[in-house]
Amino acid sequence: MKYIDEYRDGDLARSIAARIASEAIASRHYKFMEFCGGHTHAISRYGIADLLPSNVEMVHGPGCPVCVLPIGRIDDAIRLAMRPGVTLCTYADLMRVPASGGANLLKAKAAGADIRMIYSSMDAVLIAEAEPARHVVFFAIGFETTTPSTALSIGLARRKQLTNFSVFCNHVLTPVAIRAILGTANLPNGKNILVDGFIGPAHVSTVIGTAPYVELAAEFTKPVVVAGFEPLDVVQAILILIRQVNEGRSDVENQYIRAVTAEGNLIAQRAIAEIFELRDMFEWRGLGDLPASALRLRAAYAQFDAEQRFEIITAPAADNPACECGDVLRGLKKPAECKLFGTVCSPETPMGSCMVSPEGACAAHWTYGRFRDKAKAGAIRAAA
Ligand code: SF4
């Protein structure tokens with residue numbers, strides 16, 4: 001298929017990988033983080049790690065919105081959905097994220113809560129319009145990619161003068177999470193990973209542009225290469241990162257020039273700024289409480305704020321103590337290093353959020369990577 005196949009050309013990918021192998025300095029180790037779950041998925045699906053020399057390592061980052069949502073917010077959503085007269089609208093991959101006590105939204109739906117899976121935030125507005133006797137809450141999550149559509153939905157609800165629509169807002173901000181990964185302040189356990197550079201997000205950057213990474217790259221002297229989600233995008237970004245490291249540079253470069261500009265989508269940014277403002281603090285799974293890392297509705301839109309309407313106060317809730325999602329989300333552990341991986345934790349019986357969303361590192365490794373683990377183990381046994 002044109003426009004996709006050309007970014008999945010195996011011969012070209014192998015030739016770029018050969019350049020990576022020839023330019024990577026044999027005496028040093030390179031460790032790069034792909035921030036985004038979309039890149040994690042591409043790396044697993046297309047076997048990109050297998051193309052890289054052994055001294056070039058990719059680690060997963062926190063860029064999966066379902067994965068970083070703390071359990072307390074899922075608990076809030078379940079309580080909301082159980083209220084009489086409330087309809088909770090949400091995306092499908094939130095349905096099976098484990099909440100406290102083994103609960104999840106799917107079980108709440110089975111127990112009688114009116115929870116509906118939707119494809120677009122606009123669907124929630126249309127449901128509210130069609131069913132005025134219900135109060136429809138849109139469970140909004142995501143990085144800057146999905147925030148504009150939530151903003152437009154609230155704008156539409158206001159124009160339609162809907163009084164039975166609100167948003168439970170869980171939108172979070174990418175640059176703050178990158179800063180948390182690079183710094184050590186406030187992180188659970190005080191542990192952090194040392195990376196040589198980042199593959200910057202694709203879709204997020206179509207909205208915010210490359211400019212927000214410039215200060216981060218300079219402050220922490222780490223290169224950032226914004227890249228698309230196709231396999232050739234990713235291998236080319238890795239080659240650019242290798243070159244930057246070798247040359248002692250820490251610049252922001254844009255591999256994804258077909259979709260991303262320096263300033264981003266100004267219309268989308270204005271839509272976000274009109275409706276949302278920064279929260280003082282927000283909890284991230286794996287990263288802990290991060291100041292100014294998430295959005296809430298401005299006072300002018302309070303009537304559409306489910307947190308104010310239903311007086312939601314999120315209580316802290318502990319993760320399953322055996323689940324290593326926190327360390328996986330910070331690149332400190334690989335999915336297969338969690339002892340629950342593939343034993344009690346699988347996509348059918350997820351113990352943590354990273355196994356639920358297709359963008360989660362554990363789900364990606366389950367779907368693609370575990371077969372390579374077995375093949376490698378078999379090859380080692382055969383050689384012994
Ligand atoms: S394998 Fe399951 S339990 Fe382990 S970190 Fe991943 S999601 Fe959590």
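**Exercise 1. Classify Phe341 as buried or exposed, and place it in the chain.**

Step 1. Take the cut-offs: buried means under 20% relative accessible area, exposed over 50%, partly exposed in between (1.4 Å probe, protein chains only).
Step 2. Phe341 has 15% relative accessibility, so it counts as buried.
Step 3. Phe341 lies in the loop between H15 and helix H16 (361-383). Helices (H or I, at least four residues) and strands (E, at least two) are DSSP runs, numbered from the N terminus.
Step 4. From Phe341 to Gly352 the C-alpha distance is 10.0 Å, with their positions 11 residues apart in sequence.

This is a predicted model: local features need pLDDT of at least 70, side-chain atom pairs count only at pLDDT 80 or more, and totals for chains, interfaces and linings use all residues. Residues are numbered from 1 along each chain as its sequence is written, and side-chain values use heavy atoms, with hydrogens and water left out.

**Exercise 2. Repeat the classification for Arg159.**

Step 1. Arg159 belongs to helix H8 (residues 147-159).
Step 2. Its relative accessible area is 64%, so Arg159 is exposed.
Step 3. Ile141 is 18 residues from Arg159 along the chain, and their C-alpha atoms are separated by 23 Å.

**Exercise 3. Describe the shell around the ligand and state where the ligand sits.**

Step 1. List the residues that surround the ligand (a heavy atom within 4 Å). They are Cys323, Glu324, Cys325, Cys338, Leu340, Phe341, Cys345, Met351, Gly352, Met355 and Cys362.
Step 2. Sort them by class. The shell has 9 nonpolar, 1 polar and 1 charged residues. Here Ala, Val, Leu, Ile, Met, Phe, Trp, Tyr, Cys and Pro count as nonpolar, Asp, Glu, Lys and Arg as charged, and the others, Gly among them, as polar.
Step 3. Locate the ligand. It sits in the largest cavity; sitting there requires more than half of its atoms within 2 Å of the grid points.
Step 4. Check one shell member, Cys345. Its relative accessibility is 8%, so Cys345 is buried.

**Exercise 4. Characterise the two largest cavities.**

Step 1. Fix the term. On a 1 Å grid over the protein atoms alone, a cavity is a set of points where a 1.4 Å probe fits but cannot get out; lining residues have an atom within 4 Å of a point. Grid points are joined across faces, edges and corners, and a volume is the space filled by probe spheres set on the points.
Step 2. Count. There are 3 cavities of 30 Å³ or more.
Step 3. The largest cavity holds about 90 Å³. It has 13 lining residues, with Cys323, Cys325, Cys338, Cys345 and Cys362 closest to its centre. The lining comprises 11 nonpolar, 1 polar and 1 charged residues.
Step 4. The second largest cavity holds about 50 Å³. Of its 13 lining residues, Gly61, Leu329, Glu359, Gly360 and Ala361 come closest to its centre. Helix H2 (37-45), strand E2 (56-63) and helix H15 (325-329) each give two or more residues to that lining. Its classes are 7 nonpolar, 5 polar and 1 charged.

**Exercise 5. Find the disulfide, give its handedness, and test Cys354.**

Step 1. Apply the criterion: a pair of cysteine sulfur atoms within 2.5 Å.
Step 2. The structure holds 1 disulfide. Cys64 and Cys67 form it, with sulfur atoms 2.3 Å apart.
Step 3. The torsion about the S-S bond of Cys64 and Cys67 is about 70 degrees, so the disulfide is right-handed.
Step 4. Cys64 is buried at 3%, and Cys67 is buried at 1% relative accessibility.
Step 5. For Cys354, the closest cysteine sulfur is in Cys325, 3.1 Å away, too far for a bond. Cys354 is buried, with a relative accessible area of 1%.

Terms used
Near = heavy atom within 4 Å. 1 Å grid on protein atoms, 1.4 Å probe; cavity = no way out; pocket = protein on both sides within 12 Å on 5 of 7 lines; lining within 4 Å.
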